[in-house]
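Subject: Structure for your files

Dear colleague,

Here is the structure I said I would pass on. My notes on what I found in it follow below.

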Amino acid sequence: MPEPELLPWQWPEETWRAKVERVRAGRNLKPSAWKDGARCAVALSFDVDHETNELRDGGNSVGRLSWGQYGNRVGMPRILDLMKKEDIKASFFVPAVTALLYPDEQRRVIAEGHEVGLHGWIHEVNTAVPPDAERELHLRSADTLEKVTGVRPVGMRTPSWDFSEVTLAVERELGLLYDSSLFADDDPYELVEKGEPTGIVELPVEWIRDDAVYFNMNRFQALRPYTAPEAVFDIFRREFDRAYEEGGLFLLTMHPHVITYRSRIWILEKLIAHIKEMPGVWFARHDEIAAFVKAEAGI
Ligand SMILES: [Zn+2]
């Protein structure tokens, strides 16, 4: 007879302790000063999901697929033109299926000096995929992005920031420089796996600094935009202002099919203008920030 599975309140200490210790935040990697003595680092990122949100769910909705296509037709050109005008390099996290659907789009991203990072195969939810399949999908995604863009990705943002028991092991196998999917700090830190420092830099995310949570909508679920664009701007600006005060990192996650609408793109434009008013801000790609803090910490 197999042992009956214990409920959480019945777990012995080693059970709950082992769960917590699997992936932990290790040393804080916030440097005393950022590159060239900058006071604050700003990392803009765009998760280029396009049609994969619908495909991931196994959906057949032509309408929702067309929403994804908006991200390619309108969203990405609007973002890339703005980045060029402002002379800012950003990071784009791209499911391999997106890169296969729009190889020219991703080649433009690289050609204009931005970074392309891993974002799953088809935006699968890692904790819902068997470990062997998850590993194979990450490896295949890295090869696919490299084949499409000519550049091997060095960072991963897990789809939906969903991080399984094996995700970190696969990131180590891939020799990644950084991850940007976890929440344990405002500033960069080193990921620790079962007590062992991994040398992988975490550039932490937060739902607060993500456009999708304020604006997304689904006709057939109880999901509706609930925050006015002015309020979203205010939240992002306050996140930056305090990061600036503390000399930390301001990392913002956006989506081509969310932030770029005519009534919303101003949020990003005005935020960039506000940030540029402050002296000593280093705008950088995630890979540049991770490499910098790692070198400063001597790891
Ligand atoms: Zn995504």
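Helices (H or I, at least four residues) and strands (E, at least two) are DSSP runs, numbered from the N terminus. In those terms, Arg 22 sits in the loop between α1 (13-21) and β1 (23-28). Please keep in mind throughout that this is a predicted model.

Overall fold

The chain has 11 helices and 10 strands. Its radius of gyration is 19 Å, close to the 19 Å that the globule rule gives for 299 residues, so the chain is as compact as a globular protein of that length. The C-alpha trace spans about 65 × 50 × 40 Å along its principal axes. Of the 299 residues, 51% are buried. Among contacts with a separation of 6 or more, 72% are between residues 24 or more positions apart.

The zinc site

Which residues coordinate the zinc ion? The donors are Asp 49, which contributes two OD entries, and the NE2 atoms of His 119 and His 123, at 2.1 to 2.6 Å. The angles among the 4 donor atoms run from 53 to 141°, and the site is irregular. Four donors count as tetrahedral if all angles lie between 85 and 135 degrees, and the range of 53 to 141° goes outside those limits. The sequence spacing of the donor residues is D-x69-H-x3-H. Asp 49 belongs to the loop between β2 (40-47) and α2 (52-56), and His 119 to the loop between β4 (115-118) and α6 (131-149), so this pair ties together parts that are 70 residues apart in sequence. Both Asp 49 and His 119 are buried.

Strand β2

β2 is mostly covered, with 8 of its 8 residues buried. In a regular strand the side chains alternate between the two faces of the sheet. Here Cys 40, Val 42, Leu 44 and Phe 46 point one way, while Ala 41, Ala 43, Ser 45 and Asp 47 point the other way.

Three pairings of β2 are worth listing:

- With β10 (residues 281-283), β2 pairs in the parallel sense over 3 bridges; Val 42 stands opposite Phe 283 there.
- With β9 (residues 249-254), the pairing is parallel over 6 bridges, and Thr 253 is the bridge partner of Ser 45.
- With β3 (residues 91-94), the pairing is parallel over 3 bridges, and Ser 45 stands opposite Ser 91.

The nonpolar cores

In soluble globular proteins, nonpolar side chains tend to be buried together. The largest nonpolar core in this model has 45 residues, and those that touch the most other members are Val 42, Leu 44, Phe 46, Met 83, Phe 92, Phe 250 and Leu 268. Beyond its neighbours within four places in sequence, Phe 46 is in contact with Ile 79, Met 83, Ala 90, Ser 91, Phe 92, Phe 93, Met 254 and Leu 268. A second, separate core has 20 residues, including Ala 41, Ala 43, Ile 289 and Val 293. Val 42, Leu 44 and Phe 46 point one way from β2, and Ala 41 and Ala 43 point the other way.

Leu 118 and Arg 22

Leu 118 is in strand β4. With a relative accessible area of 2%, Leu 118 is buried. Its C-alpha atom is separated by 5.5 Å from that of Phe 93, 25 residues apart along the chain. Leaving aside neighbours within four places in sequence, the contacts of Leu 118 include Phe 93, Val 94, His 138, Leu 145, Met 156 and Leu 176.

Arg 22, in contrast to a buried residue, is partly exposed, with a relative accessible area of 23%. Apart from neighbours within four places in sequence, Arg 22 is in contact with Glu 165, Val 192, Glu 193 and Lys 194. The C-alpha atoms of Arg 22 and Leu 168 are separated by 9.4 Å, with their positions 146 residues apart along the chain counted as the distance apart.

Backbone at 160 and 161

Most residues other than glycine have a negative phi. Ser 160 has a positive phi, near 60°, and Trp 161 has a positive phi of about 55°. Ser 160 lies in the loop between β5 (155-156) and α7 (167-173), and Trp 161 is also found in the loop between β5 and α7. Are these residues buried or exposed? Ser 160 counts as partly exposed at 33% relative accessibility, whereas Trp 161 is buried at 7%.

Regards

Technical notes:
Residues numbered from 1 in each chain as written. Predicted model: local features only at pLDDT ≥ 70, side-chain atom pairs only at ≥ 80, totals over all residues. Heavy atoms only, no water. Donors = N, O, S within 2.8 Å, 3.2 Å for Na, K, Ca; no water. Tetrahedral: all angles 85-135°; square planar, octahedral: opposite > 155°, others 65-115°. Buried < 20%, exposed > 50% of the residue type's maximum accessible area, 1.4 Å probe, protein only. Core = buried A, V, L, I, M, F, W, Y, C linked by side-chain atoms within 4.5 Å. Contact = heavy atoms within 4.5 Å. Pairing = 2+ DSSP bridges. Rg over C-alpha atoms; globule rule 2.2 N^0.38 Å.
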